Amino acid sequence: MNQQDFDRFAWYLSEEYSILSASMHSISREPNPTEVDADAVLEYPVLPAIDTVVFPHLAAPLFIGREASRRALEAAQDDDLPLLVLAQKDANVETPGIDDLFDVGTEITIGRVLRMPDGTQSLFCHGDYRVQVLEVVHERPYLRVRGRRLLEPDTADESTDALMRAVLVLYEKVVQFNHNIPEEALIAAMNLEEPGWLADLIVSTLNVPVAKRQKLLESIDPVARLRDLSVLLAEELDVFELENSIHEQVQMQMDRSQREYFLREQIRAIQEELGEGDEFGQDVAGLRERIAASGMPEEAQAKAEKEVARMAAMPPMAPEIAVIRTYVEWLLDLPWGEPEPDNMDIRHAEKVLDEYHYGLEKAKDRIIEHITVRKLAADAMRTPILCFVGPPGTGKTSMGKSIAEALGRKFVRVSLGGIRDEAEIRGHRRTYIGALPGRIIQTMRNAGKVNPVFMLDEVDKMGYDFRGDPSSALLEVLDPEQNNAFSDHYLDVSYDLSKVLFIATANNPYTIPAALLDRMEVIEFPGYADFEKRLIAQKFLIPRLLREHGLSDLGLQFSEETISHIIQVYTYEAGVRNLERELATICRKIARRVAEDRKPRRRIAPANVSEFLGPPRFSETNIEDKDMIGVATSLAWTEAGGDMMPVEVMLMPGKGSLMLTGQLGEVMQESAQAALSYARAHADDFGYGDLDFDKIDIHVHVPEGAIPKDGPSAGITLTTAMVSALTGRPVDCRVGMTGEITLRGRVLPIGGLKEKLLTAHRGGLKIVVIPDRNAKDLVDVPRHVKRALDIRQVSHVDQVLAIALTEPPEPEPKPKKTRRKQAKPPQPALPEAEP
C-alpha cells in the first residue's frame, strides 16, 4: 500500500465501528447456504486487489484507480452482475493477467461508490461467498471469468468450542499488544458462534502478509481454518512479545538517561548557586592550564588544544570524552622540557663503573669517552646507540644501570624478547577501542625525563609475523638522524628521542637484522675466565649474598680453593649467573642452621661443598682420556659462550655414502662434504690411495644429538677426524681446534676466538690450533690463558694434521706357539720268531 492509498484508508478509520456494525448486520442477514446452488457457474467481472484480501461476511473498503478495474465495476453495475475480488500475487504488477492473480477470491456486493478528487474511486463493499475461478471469459477491456461458489461444510464437533475459545484467548492477547486493532473487533469476535466466520473476522484485522491471508481464504473447512488461524496468532503473539520486550528495554534506558541528565542539571544548578562552578568546565580549564605549562612543542600543543576544544563542545556524558581525555593526559604526562644535566665528573664515573663491575674494559672506556666528549662539545655531539653483545650472565643489564648512575640519569628498561607486533613499538591508532601508545612512549612517560638511559633488552629475540616487523619499527628509534621526530601511531605527533642514551643487549648478534645492527655500536661482553669469576665472586657476589641472607655478622668465609672448586665442577657457563645461584644455595643452608640454633660452618672448604650442593655435576676436564682413532675435539661458539664439541668418524663396509648425524645444520654438512672431498683427493699423500671408497660408508656423528649445531668453524676438525679414521692414526686428545676449510685445504678465520680459548682452558686442553688470520684476535684473550695454552697458528690443513695426528700404535707382538713333542705310542711287541 503506497502513501496515497494509506491516506485514503485513514479516512475510513473514523467509520471503522460502523463498518464492523454493518458486518455484524450483514452476518445476521446471510442467506441460508441450503438456498444456494453449489454447482451453479456464474460469470464475474474481476476486480484485482493489491495487498488486500476480502473475506465473506465482512465489509471492506477498496480503492479503484486502474482503467480495467473501473470498467469491471461499471460492467457489474450495468449488467447487475456480482463482482469478484481476486488478490494479486505480486503487488508491483501494474496490469495483472489471470496468471498474476490467485484463483480463489470473494464475491462481493457493492455498497457505495465515492469519486475522489484525483479521479480514483473508493468502493465500500460486502463479502458474500468464496469463489473458485474455473475459466477466463476475456481479459480485455477488463478481466471476466466464470466461477463456482465454495460453500463451507458443517464439520463442527465437540472440540470446536474449545478451539474457538483458545483462538479468542490468543486474539485477546494480540489486541492488547497491537493498538491498531480496535476493541470493537474483539467484541465482535466474542459474539460470533460460527467457527468459519470467527476465523474470517480475526484474520481480516491482522497485519499479516497477503499469502497467509489468502491461505485462510482458500481453506473451506471452518475447523481447519480455525486451526491454521491459531498457529498464525501464536506466531504474531511471539513477535509482539519480543517487540514489547525490546521497547521496554529501550524505554528503560531512555528513562535512566533522562533521569541522569535531570540530576546532573540539578547538580550544576546547585553548584552555580554555591559558586562552585561546573565540574566539567573546571576539568576543561585545568587541562588547558596544564597544556600551557607543559612546554610542549608547537605541533603537540596545537594538537592538544584542538582535542580539548572538541571535548568542551561535547555534552558531559558523551562517550567520546573519555577517549579524548585519555589522549590529552598522555600528551601532558610525557616529558617535554629541557634535559637534566649530566654528571661530567670522569673520576666519579670511573669509580662507579669499577665499583659494580670487574673487567669489561671496552664498555667502561666507551662510557668514559662519551662523558669526555660531552664535557668538551656537549651541543655538537650526538648521543651514541650502544649494543652490548655477550653470553647470559656477563653483566650487560647491570652495566646499563651503572652507566645511568655514573651519568646521573634515570634508568629505564624494556624487554623486547618475544615481541612480534609492530604496534608494541609504535602503538595503536586511536580508531581502535582501548588503543595505547607503544612501549617506547610508555617507558618515556614512566621515566619522566627526556634523557634517560633507555635499555632495550634482548633485542635479538624479536620475531615478526602478519602483524608487522617490530625490528623494522626500531630503525627509526635507533637512528640518530630520525629519532628526533619519532612518530607514535597513538600520539600522532613527533616526539624527540635524540637526548636518550639507548643501550641494546643481545646474546647472538647474527639474529639481529643487518639494517638494525648497522645503526648500533657493538661492544662485546666476552665470557669470564675462571680466575675472573673467582675475583667477581669474592669482590661482588659473596658480600652481597651475605648481606641479603643476614649472614654479614657471622664471619662466613669462602676460600679461593672452594670458589674454584664450585666453578669447575658445579657450573659450566661463560657468565656468573649459575655461580651466584650455587653460592646463594650455600648461604640459604647456612641461614637455616642459624635459624634452627644449630652451629653453622664458618669456613666453607672444598671438601664441604658436596654437603651443601650435592655431588659434582661436571668433571674438571672434558677431554678424552686417551688418544683415539677418528675422534677429534672442536671448539664451538654458542650464545652461552664457548663449548667443546667432539667429532666422531667411523668407517664400515658399504656403498660409498656419507652419513651425518647429530642435528647438523646445512653449513656444517657442507663442511663435512668439503672435508671428505679433500681427504679423497689426497688419498695417495696420506697413504690410503689403494682404498676403494665405493665399498665403504663413512659415518660422521657429533654427540648431544638433541642440540642443533651449525657453522663452518668445525671444518678442520672434520677433516682431522676423517683422515685419522682412514689412516688409522690416533688424534692427540690434548689438541682442540677451530677453523674453516676450503677444497684446497686452506684454513679460513672464524669468530668467537676468545670464548673458544676460554673454553679450551677451562676444559683442560693443552694445544689449540687456530687460523693464522685470527692472530689479531689474541689481543682480547687474557694473558694467563695464552700462557696456559700452546696456541698454534696454521694456514693449511696439512699443518693441522701434522700437529693433531700421532703415530699409529705398534701392534703388540703375538705370543709364539710352542709345539710339544708327542710321545710315540708304544709299538706292539713283535712275536718271537720260531726257531
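**Strands, helices and loops in the predicted model**

Asp 80 is exposed, with a relative accessible area of 70% (exposed means over 50%, buried under 20% and partly exposed in between, using a 1.4 Å probe and protein chains only). The structure is a predicted model, in which local features need pLDDT of at least 70 and side-chain atom pairs count only at pLDDT 80 or more, while totals for chains, interfaces and linings use all residues. Residues are numbered from 1 along each chain as its sequence is written, and side-chain values use heavy atoms, with hydrogens and water left out.

Asp 80 sits in the loop between helix H3 (67-79) and strand E3; helices (H or I, at least four residues) and strands (E, at least two) are DSSP runs numbered from the N terminus. Although Asp 80 is not a glycine, its phi is positive, at about 55 degrees. Gln 663, in the loop between E18 and helix H23 (666-681), also has a positive phi of about 55 degrees without being a glycine. Gln 663 is partly exposed, with a relative accessible area of 43%.

Strand E3 itself offers a view of the interior. Five of the five residues of E3 (residues 83-87) are buried, so this strand is largely enclosed by the rest of the structure. In a regular strand the side chains alternate between the two faces of the sheet. In E3, Leu 83, Val 85 and Ala 87 are buried on one side, and Leu 84 and Leu 86 are buried on the other. Pairing here requires at least two bridges found by DSSP between two strands. E3 pairs with strand E1 (residues 41-49) in the parallel sense over four bridges, and Ala 49 stands opposite Ala 87. With strand E4 (residues 104-115), E3 pairs in the antiparallel sense over three bridges; there, Glu 107 is the bridge partner of Leu 84.

Phe 124 belongs to strand E5 (residues 121-138). This phenylalanine counts as buried, at 15% relative accessibility. Its C-alpha atom is separated by 7.2 Å from that of Ala 59, although the two residues are 65 apart along the chain. In the loop between E5 and strand E6 (144-150) lies Pro 141, which is joined to Arg 140 by a cis peptide bond with omega of about 5 degrees.

Further along the chain, an open sheet of seven strands runs in the order E18-E19-E17-E16-E20-E23-E24, with mixed pairing. Its edge strands, each pairing on one side only, are E18 (658-661) and E24 (790-794). Within this sheet, E17 (residues 641-653) and E19 (residues 696-701) pair in the antiparallel sense over six bridges, with Glu 648 opposite His 701.

Two helices round off the picture. In helix H28 (residues 797-804), the buried residues include Val 797, Val 800, Leu 801, Ile 803 and Ala 804. They cover an arc of only 165 degrees around the axis, which puts them on the same side of H28; the arc is that of the directions from the helix axis to the C-beta atoms. Helix H8 (residues 222-274) holds Met 254, which counts as partly exposed at 41% relative accessibility.
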